[in-house]
Structure formats: C-alpha cells, structure tokens
Amino acid sequence: MVFIATPNHKTLTLNLNPKTTTLLALKHQIQQTSLMPISHQRLFLSQSLHLSTQNDAALLSDLGIGPLSTLTLHTPFLGGTQPHRYAFLTAKPPPNYVAGLGRGATGFTTRSDIGPARSTPPPIGAVRENPDDEDKGYDENQKFDEFEGNDMGLFANAEYDEDDDAADAVYAAVDERMDSRRKERREAKKKEMEEKSDAENPKKTPEELKRKLRSVSVKEWESLPEMGDYSWKNRKRRKFESFVPVPDTLFEKARLERQHVASVDPMSTDLTALGEGKGTVMKLKLDRLSVSGLTSVDPKGYLSGLLSMNMNVSTSSDVSDIKKTRQLYRSVRESKPKDPCGWIAAARLEEMVGKLKEAREIIKQGCHMCPKNEDVWLEACRLVTPSEAKVVVAMGVKQIPNSVDLWMRAVDLEHDKSNKKKVLWKALDQSNENLRCVRLWKAVMDLCHEDDKDMKVLLHRAVEVCPLEVQFWVALARSESYEAAKMILNNARVHLPKERAIWVEAAKLEEARGNVSKVGKIIERGIKLLQEQGLVNFRETWMKEAEKVERAGHVAVCQAIIQNSVGVGVEEEDRKRTWLADAEEYMKSGSIETARAIYAHALTVFLTKKSVWRKAAMLEKSHGTKESLDALLRRAVKYLPQVEFFWLMAAKENWLAGDVNAARMILEEASKSLPNSEEIMLAAFKLEFENHEQERARMILDKTRARVDSGRVWMKSAILQRELGNSDEEKKFLEEGLKCFPSFFKLWLMLGQLEERLSHFEKAKAAYESGLKHCSNCIPLWLSLANLEEQRNGLSKARAVLTTARKKNSRNPELWLAAVRAELRHGNKREADTLMAKALQEQECPNSGILWAASIGMVPGPQRKTRSLDAYKYCGKEDPHVNAAVAKLLWHERKIDRARTKLNLAVTHAPDIGDFWTLYYKFELQNGTEDTRKDVLERCVAAQPKHGEKWQTISKAVENWHQPTEAILKKAVKEDAATAQNQQ
C-alpha cells in the first residue's frame, strides 16, 4: 500500500506491492485514479529525489519506496498555455463584407446595407430617366422611420469625431444636472410612500404571526370554519357522487344480522342457505392452505401453512377441515412420493390431532420413500419412542453416513459419557468428510476435560485434519508448554496467515511468561503483516480485539494493540477528535484499560494539548489509583507548566489523600512557574486555612495582595480576620477593598453582614444601599436589604424593596419567591397566591423550577397532583426543584419507591445543591436501610455541594467553616427536623 499526496491536499491510497510494481505501473494507476496524464505527473519521494527522472521500468522497492511510503505529486505550471488568437480577429474586413451572409443570416439591416446618404453620380454619357430628380438630392422612396422620419439615414455614413464626443458630453452633463435638481424631492417622496405602505400593510415574519396565536381563546379557535377540499381532482370526483335515501330493506337486514338465535327453527330458517354459508367458510379455510389450487401443489407451502395453523379440534367444522387437509396431503404424497415435505407435513398433522400411531406409520413410509433425506429421519426420531429412536438413527446414519445432524442426534440419545464418545469416534471414522467436520471435533472436546490426557491427542489430530480452524490451534497452544506453544503458533501462522487471533495468542503467551517487552513487538509485526493483506474494517476489528483482550485480563496486550492500531486509517487533522471520541465510547462500555491506552497514545502525539491531558487526568481520578494520577499530573505540569488546572488538581488530590506536605510542595513549585497567579495563591491560602495554619495563611495573603490586587484577595483577608475574631481588622480590609473594587458585590454583602452582627442596623442598611448603587443587578444584596427592612420596619418596607428590585431585575424567580414568602410569613395567603400567579405568567418566569416547587406546596392537598403535572409540563421531567417537591408529596402519601426515584433524580441533575441531599438523607433515615443511608452519605461527600438556601446558612456559619461535608449534612438534617417539629 502506497500513499500519494496530491496538489489539492488530498491523499490517494493505492493498494499495490512495491516489490512487484514498476514506476510506470504506478503512474498508470495514478492516471486512472486522479485522471492526471502521465506527462503532467511529477513524483517526489523527498525534496532531493525526483522519481520522474528515474527509469520507468525500475521497481518501486529499488527506488527506496516501502509498503507505507508517502509520495508527493506535483503538477507543473506550463507557460504559453493561453489559447491562440487568430489573425483575422484584429484585421480589417475585406471590401463589401457582410457579416452572416455566408450562413444566410441576412434578415436584418445594418448601416452598411443602407449605403451612403447621397446617391453616386451617374456615369458620363448616361441619360437620366427623370430629369426632375436632380434637384431633390435624396430618394423619395426611402424607407420612412417612425421615430426619425426620413432623416434616419442622413448621417448613416458620417464618422464619429471629437466634436460629436464633446456634444454628447455636454448633453449628458445637462441631463445629470436636471436629474440632480429633482433627486432629493423624488427620493423623499419615494421614502414617504414606502413608509405609508408599510404602515398600512406591515411586514411580519411567520414567527411573529404564529406568536399571536397564543392570545386566541378556545372559543375563538373552535369558531373557525373548517377548510373544505376545493381541489379540482376532488371536484371532478364529487361531480359523479349521488346521495339517495337508504331503503328500509337495508335497515331490516341489519336488524336481522344483529339478532342472536339460540336454536334453529326449520320452519323459519333457510337450511339450504345455511349449508351454503358453511361450505363458503370451509372453502375460505382451504384457500388459506392452498397456493394455487388442488391441481398444482407446493409441499413446502403446505408444510409452512400447517405449522402456522392452530389445530384445535372442537367442532364438527374443524373435523371436516382436518379431513380435507388429510386428503390434500395424501394427494401431495401420491403426486410427489420422493418429496420429504409431504411426508413430514402429513405426520405432523396426525400428531396435532392426537393420532400418534398414524403419524409414525406415515413417517416410516417417508423414510422408506426418501432414504437419503436427513429431515425425514430426524422427524422419525422425534416421533418414535426413545427406545426405538436409537434404531431409527442407526438406520438413518447407515443410509446417510455423512449427516452430522443424525450423528449428533445419536449422541443426544446416549446418556453415558463413554457411549457418547464412542458414537462421536465412529462418526469421525465414517468418512473423510466427517473427519474434517469441526462440529464433531468440538463435540468430542466438550466431553473431555482440559486436564484429560486424551485432550492433547485430540487437539493434535484436530489441527491435522482441520488446519483452518483457529480455535483448535489456540486450544492446543494453551495446553502445551511455553516452547511447544511457540512452535504451534508459528505453525498456525503458516496455515492461517490472515488470522489475527494467532498473533494475539502469541502476545498473551509472552505476557503470561512475563516478557512484556516482546508483547509490543509481536503485535506491531502482526498488524503490519495483516495490514498488507488489505483487510476491510482493519482498525475497528483490532480495537474490538483490544477490548476483548482487556476483559480477559491481558492489559499489556490491550495496550500494545491500541498503540499500533489506533492511528491506522485516521487523517492527521482528525486524529485528536477521533481518539477522544473513541476513549469516551470505551469508557461508557466499561473498557477502562482500552480508554487509558488510547489517552496514553494520544499524549505521545499531542504533548501540549490541554484537553487531552485533562480528560486523561479525569479518567485516572475516576478509575485509577493515587499513584497513577499523581504520575500523570506530574507529566502534565512538566509539558504545560503555565496551566493552573493541573497544579491545582495535583495539590487537591494530595490534600484529600491526607498528604498536606506534598500538596504544599506542589503549590510552591506552581508559584515559581506562575508567580502572579491568583488561583495558585488562593489555593495555597485555602490549604493553610483549612488546616488551621492561620499565621501561614495571613503571610500568604499579605504576599498575594502585594503581587495580585483583586477583590477576591481582599475578601479572603476579611474572612481570615472573621475566623480570628478581629472585627475591626475585618472591617478595615472590607473598606480598603471597596475603595479599590467598588463593583465587587461580595465585599458590600460581607460589610452589611458584619454591621448586622455588631447590631449596627443603620450602617448595615447604608452598606446594602451603597452596594446596590454600584451593583444594581446583585440579587443577594436586594434580598439582604429586604430581610433587614422586614426585621426592622415591617412588611411594607420589605415589600417596597422587593418591588423596586423586580422593576430593575425583571424575570427573576428569586425575587418573586422572596416576595411570596414574605407575604406568607405575615399570613397574607391571598396576596401570596396573587404574586405567585403573576410570577408564573408568560411575561415573567413560566419555566422556573423553584417557583413551581413553591406553588406545589402552597395549594391544598387535592390540587397538588394537578399542580405537579403543570410543573412538569412547563419545566420538564428533569427539573430538580420540581422533582424534590413531588418527592415530598409522594413521601406524604407513603409512596416510598416513587419518592426515592424522584429524590435520586433531583440529586443526579443538581448534585451541587445541598438542600436536596439533606432531604434525601432525611428520607432514607426514616424509610431506608443502612445500606441506602450509607450510599446517600457517600454520594453527598463525593459531590461536595456548595449551594442551597438552607445548606449555605449552615455551611457558611463561622463555627462550621472547617466541618466536613458529612457533619454539615447531619446538622442540616437535624435542623430541618427541628424546624418541621416547631411548625407542627
């Protein structure tokens, strides 16, 4: 196989052998593939080796071209290739030349056809016919033109000179000047008319017109008239339709058909018609069995028809049908006695009606008439008794000694293992055809144990008579020693050169022996040799083989296969996308080692691609060990030292593993590579802060403020002072930070919360209001100010704040929910319902999950199911807030399994919200087992939730800053239970 890089940046793949193909044959094949002439082909193996200068009779291998070589094809840019211009195109035409006259195109008049304006003087001595014409100077019979009159040809022969050009320019300037004087007025009038037309007939898109359908009521929609069918086709059809009144006889007939008669009255019933109807029914049943009548019988069709019938003999009509069918099959046997289908069908018919003796007699006759058909003998074995079946099989194999099915049936009839072996050996010795039957050999081997002494003898004999069966070679190699297995596999490659299982088995043998270094060489050699064979779906086949080998436990073989086959047939620009997609697919199917091998090979090609390193790191984090992840991340930071993600991930994994010193060292190395990185500095602060090293944390923050000046650094400084209990220092840092970063809303929020803790409510209100001047779109500031006003000045002030917030931040569900809850806290149920209805309108937040979840809890019990269905309609089945609300409803109704399913959906789609984990864990504490509680707790710890209204209230309390997720979850459950008890 040779690759050709064409000038249009495409690659041609030519399936040829360089050792037997000449250079001329290669050029001919390129001409057939790309339609490029041989004279225009310029082939280069390298920049210095021009193949077109070589001998065309030379072999490609002699020129240094290998099986997978890539040649470059160039096309020369030949000069002088412009089309030749004929001389007559620029020459003057001959005298009296008329264009198109030679081909008869003379149906039009040109200036040359008209001739000069004045007639030529007559020759000397000529006599004028009309002397009066000499004073006219033109021909009165000249053709009159309706636009130019008789002067049309006056200047026909005059030349266009410079004076004419100047005159035309003057007239054009005058026309342009006159047009410009009226241009502004004309354009203004045109624009006015267009605006008037648009106002009278506004142009609307189909989407705008469809959007108006929302306002159409059900009554208006139902009042729309139905669109009739006015097509010409149906109009012509209706032309011939006529409608007449239904006669009474039709109604009477319908009434009689609906009557149920329990008995037959011979005086009032037409028995002749009844018999004819019964005959018609029987005829229809026979027609279903018949293909083309009784004269032409297809036994196979009758047999399939019989098998599809349900022979339930319960009435006299069924008996009659069976008799007809029996006659039918009798005619089949008489017309074609050598056809086995008729005998088998007749026997099965008798078996279905319960006449087993007759069935055995029929099939016995069939064996006599068709002794060389194995289907008849097999049917006979099925119908006879078990004691007689051996005799029938013996007679069958005597007639058909090469029938494998009969021999296998004889094996099934034996109960003793030794007798089964004897039957199989006899079958193998019967003929050479049976001796080469793989099915019989497999049956013999199934009866032998792997440690049986006869097993090796059987396998040696099997590979001798069936050398093309790869399973026998593999089984024989597995049963032998290391050296003998190598010889067997080498011999197998001679008989099966295209079989990849031989190479894979050889690699497995080396891996089991401990020679891991030889595994890659064997697989590489095997893939190269098999690739030369030109097999179809080469890459996909080897990738599936790698997945199969991984499941068998041979990791080294799997890695070698991926390394040598993953890049086969993949374009260079598609390698990254294809390899990442393959790795994701194998991860989904559970083939972790295959995906890891793909990532490992991709990292050898794309050393500086962040996405490849990141996906490989996530794989090791999910399915690898701490050592493998640490090694991968160290390689990542070696090749990508400027990427913060890998430094932070390495430090976090060591911290979570309990190795704080290793995490500290990693962050120190990261700060050297990225001295001005805010993320690295804050990660180092968090490490010291979480491990109660406040002095180190303070030093890191002092250094960070000097290097990186950002609002987050000032916020972390204030948090550290809050941890130490220094309110004055905390306020100082917040005020200094706000001077530098007045638009960082978290600083305003923390300043207001600090003033609230110190009971300086007016200062807290001033802080919130100042923050809103700089961050009017910050929802937490609005909510904090509303809560402060509600606590200090009552509901009216809080209502005014929330109304202002909704005006400045429209379509925000959190503000609507805060307003509803404020009304509910003060017992204003009707106002709360009104606000909720407005919030769920189409103009506001119709698809908000938190609003629908609150709405479900506000309505009375009987209406909650309907409200839940409406919530799913607007928010979808996967909204976590709606699922949590529905789970509460199902929990209250004691539908435990369905409630658990809804809670699982909620935490699956929103694992970062701690309120859902709190509800889920509380549910399992009351209704689950120890295993389910443990599972929920482990999943919550792995998710590390950070958000949630109740969750943040507990987790952000100063006393809970250093608490693990498990402790916070249990505290949240405890407080939720206490709140529920107080409400009751």
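Here is a walk through this predicted model, from the overall make-up to the sheet, the cores and a few of the helices.

Start with the big picture. The protein chain has 984 residues, and 35% of them are buried. Its secondary structure comes to 50 helices and four strands, so you'll be looking at helices for much of this tour, as DSSP runs of at least four residues. Take the contacts in the chain with a separation of 6 or more: 53% of them link residues 24 or more positions apart.

Let's begin with the strands. The four of them make an open sheet with mixed pairing, in the order S2-S1-S4-S3. S2 and S3 (42-44) sit at the edges, each pairing on one side only. If you ignore direction, neighbouring strands in this sheet are turned by 30 degrees against each other on average.

Now go through the pairs in turn. Strand S1 (residues 2-5) and S2 are antiparallel partners, with four bridges between them. One of the pairings to look for puts phenylalanine 3 across from threonine 13 in S2. These two strands form a hairpin with five residues between them, and in the turn histidine 9 has a positive phi of about 65 degrees. On its other side, S1 pairs with strand S4 (residues 70-74), this time in the parallel sense and over three bridges. Here alanine 5 has threonine 72 as its bridge partner in S4, while isoleucine 4 stands opposite leucine 71. S4 and S3 then run antiparallel, joined by three bridges. Phenylalanine 44 stands opposite threonine 72 in S4.

What about the two faces? In S2 (residues 11-14), Leu12 and Leu14 are on the covered face, and Thr11 and Thr13 are on the uncovered one. S4 shows an alternation too: Leu71 and Leu73 point to one face and are buried, whereas Thr70, Thr72 and His74 point to the other and are not. Helix H1 (residues 23-34) lies across S1, S2, S3 and S4, and runs at about 125 degrees to S2.

On to the nonpolar cores. In soluble globular proteins, nonpolar side chains tend to be buried together. In this model the largest nonpolar core has 209 residues, and Leu440 and Trp441 are the ones with the most contacts inside it. Click on tryptophan 441 and, leaving out residues up to four places away in sequence, you'll find it touching Trp425, Leu428, Leu435, Leu458, Arg461, Ala462, Val465, Cys466 and Phe472. Apart from that core lies another, of 16 residues, including Ile4, Leu14, Met36 and Ile65. Two of those names should ring a bell: Ile4 is the residue opposite leucine 71 in S4, and Leu14 belongs to the covered face of S2.

Next, a charged residue worth a look. Glutamate 688 is found in helix H33 (residues 678-690). Its relative accessible area is 3%, which is under the 20% cut-off, so glutamate 688 counts as buried. Beyond residues up to four places away in sequence, glutamate 688 touches Arg664, Glu693, Arg696, Ala697 and Ile700.

Further along the chain is a helix pair. Two packed helices are described by the angle between their axes and the distance between the axes. For helix H35 (residues 711-724) and helix H36 (residues 727-740), the axes come within 8 Å and cross at roughly 170 degrees. H35 and H36 are therefore roughly antiparallel to each other. On the H35 side the contact is made by Trp714, Ser717, Ala718, Gln721 and Arg722, which meet Glu729, Glu730, Phe733, Leu734, Glu736 and Gly737 in H36. Sorted by class, that contact holds four nonpolar, three polar and four charged residues.

Stay with alanine 718 in H35 for a moment. Alanine 718 is buried, at 0% relative accessibility. Setting aside neighbours within four places in sequence, alanine 718 is in contact with Glu730, Phe733, Leu734 and Met750. Its C-alpha atom is 9.5 Å from that of leucine 751, which lies 33 residues away along the chain.

The last stop is helix H43 (residues 849-858). Seven of its ten residues are buried, so H43 is largely enclosed by the rest of the structure. The buried ones are Gly849, Leu851, Trp852, Ala853, Ser855, Ile856 and Met858. They pack against helix H41 (813-825), helix H42 (829-839), helix H44 (864-875) and helix H45 (880-892).

Terms used. Residues numbered from 1 in each chain as written. Predicted model: local features only at pLDDT ≥ 70, side-chain atom pairs only at ≥ 80, totals over all residues. Heavy atoms only, no water. Axes fitted to C-alpha atoms, helices over the stretch in contact; angles between N-to-C directions. Parallel < 35°, antiparallel > 145°, perpendicular 65-115°, else oblique. Contact = heavy atoms within 4.5 Å. Nonpolar A, V, L, I, M, F, W, Y, C, P; charged D, E, K, R; others polar. Core = buried A, V, L, I, M, F, W, Y, C linked by side-chain atoms within 4.5 Å. Buried < 20%, exposed > 50% of the residue type's maximum accessible area, 1.4 Å probe, protein only. Pairing = 2+ DSSP bridges.
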